[in-house]
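This report describes selected features of one protein model, from its nonpolar cores to individual residues. The sequence and the model are shown first.

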Amino acid sequence: MSSFNTFKIIAIDGGAAVGKSSTSKGLAERLGLMHVDTGSHYRTLTSAILSSGEDAEEREAISKILDALKLSTQIDGRTAKLGINDRVPADSDLRSPEVNAQVSKFAAIPEVRKKLFAYQRSLADLAREQQYAGLIMEGRDIGSIIFPEAAYRFYLDADEATRAARRAKEGQTDPIAARDRMDSTRQAAPLVCPRGATQINTAHHTLEEVIEKITHLIGS
């Protein structure tokens, strides 16, 4: 049960397989928060663009596709999921080999990020309207770009071997090192540890320990 007296926004950033989703979902359940996985947003747009037959080099065509997409939200449990034209894609579609291979390329396109920026910011208002105690949003630019004013910002990390083992356990084959390089070197909203964020190495802690640590730090 949350002891929050005011609505709180919690930003969770980090690279692939550092534990953002499991940590964020655990905190959402414990503290009565609405959970948002922005990585799934980029996967959703990537899937939509790929289904149209375009690739990341076709910027003009991509802009036209993005303009035609209507963004919507469906709440599943505590997680707010992005819908395209009132349809939320299946998780299996968002984790397909094709999307895994292309998502970092599409996420680096400024027009894609611009399409999502206002929408992602608006989810704080949705969480308030739905009477959640707060919003916990995970991604790669939450504490630096989307909610730099968030009172609680965390950056999760782990060594590459630990992350690769986690992905393999999930049956995924993300090229983690390559994704990190693309995400951290892109010009638009690169992956960084936000200034003032609390860093946590999840390779040195269990999931429950990470959740307990963050819960303690935010005072609940």
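## Arg163 and its surroundings

The model discussed here is predicted. R163 belongs to helix α8, which spans residues 160–169. With a relative accessibility of 6%, R163 falls below the 20% limit and therefore counts as buried.

A polar atom of the R163 side chain is placed 3.2 Å from the backbone oxygen of A158. When neighbours within four places in sequence are set aside, the contacts of R163 are G15, A16, A17, V18, A158, I176 and D180. A158 thus appears both in this set of contacts and as the residue whose backbone oxygen faces the R163 side chain.

## Nonpolar cores

The largest nonpolar core comprises 35 residues, and M34, V112, L135, M137 and F147 have the most contacts inside it. Helix α6 (residues 110–129) is the element that gives the most to this core, contributing seven residues. For V112, the residues touched are Y42, L45, I49, I62, L66 and F106, with residues up to four places away in sequence not counted.

A second core, separate from the largest one, has 15 residues and includes I10, I12, V18 and I211. V18 is also one of the residues in contact with R163.

## Packing of α2 against α5

Helix α2 packs against helix α5 (residues 97–107) at an angle of about 105 degrees, and the two axes are 9 Å apart. Because this angle lies in the range of 65 to 115 degrees, α2 is described as roughly perpendicular to α5. On the α2 side the contact is formed by Y42, R43, T46, S47, I49 and L50, and on the α5 side by E98, V99, N100, Q102, V103, F106 and A107. By residue type, the contact consists of seven nonpolar, four polar and two charged residues. Y42, I49 and F106, which take part in this contact, are also among the residues touched by V112.

S47 is located in helix α2, which covers residues 38–51. Beyond its neighbours within four places in sequence, S47 is in contact with L94 and V99. The C-alpha atoms of S47 and P89 are 8.8 Å apart in space, although 42 residues separate the two in sequence.

## Thr215 in helix α10

T215 is situated in helix α10 (residues 207–218). Its relative accessibility is 6%, so T215 counts as buried. A polar atom of the T215 side chain is 2.7 Å from the backbone oxygen of I211. I211 is itself one of the residues of the second nonpolar core.

## Positive phi values in loops

D86 is not a glycine, yet its phi is positive, at about 70 degrees. This residue is in the loop between β4 (79–84) and α4 (91–94). D86 has a relative accessibility of 55% and so counts as exposed.

A189, likewise a residue other than glycine, has a positive phi near 50 degrees. The loop that holds A189 runs between α9 (176–185) and β7 (198–201). Since its relative accessibility is 13%, A189 counts as buried. The two loop residues thus fall into opposite classes: D86 is exposed, whereas A189 is buried.

Note on methods:
Residues are numbered from 1 along each chain as its sequence is written. This is a predicted model: local features need pLDDT of at least 70, side-chain atom pairs count only at pLDDT 80 or more; totals for chains, interfaces and linings use all residues. Side-chain values use heavy atoms; hydrogens and water are left out. Helices (H or I, at least four residues) and strands (E, at least two) are DSSP runs, numbered from the N terminus. Buried means under 20% relative accessible area, exposed over 50%, partly exposed in between (1.4 Å probe, protein chains only). A polar contact is a pair of N or O atoms within 3.5 Å; within protein, one must be able to donate a hydrogen and the other to accept it, and residues adjacent in sequence count only if both atoms are side-chain atoms. Contact means heavy atoms within 4.5 Å. Axes are lines fitted to C-alpha atoms, for helices over the stretch in contact, and angles run from 0 to 180 degrees between N-to-C directions. Angles under 35 degrees count as roughly parallel, over 145 as roughly antiparallel, 65 to 115 as roughly perpendicular and the rest as oblique. Ala, Val, Leu, Ile, Met, Phe, Trp, Tyr, Cys and Pro count as nonpolar, Asp, Glu, Lys and Arg as charged, and the others, Gly among them, as polar. A nonpolar core is a set of buried Ala, Val, Leu, Ile, Met, Phe, Trp, Tyr and Cys residues joined through side-chain atoms within 4.5 Å.
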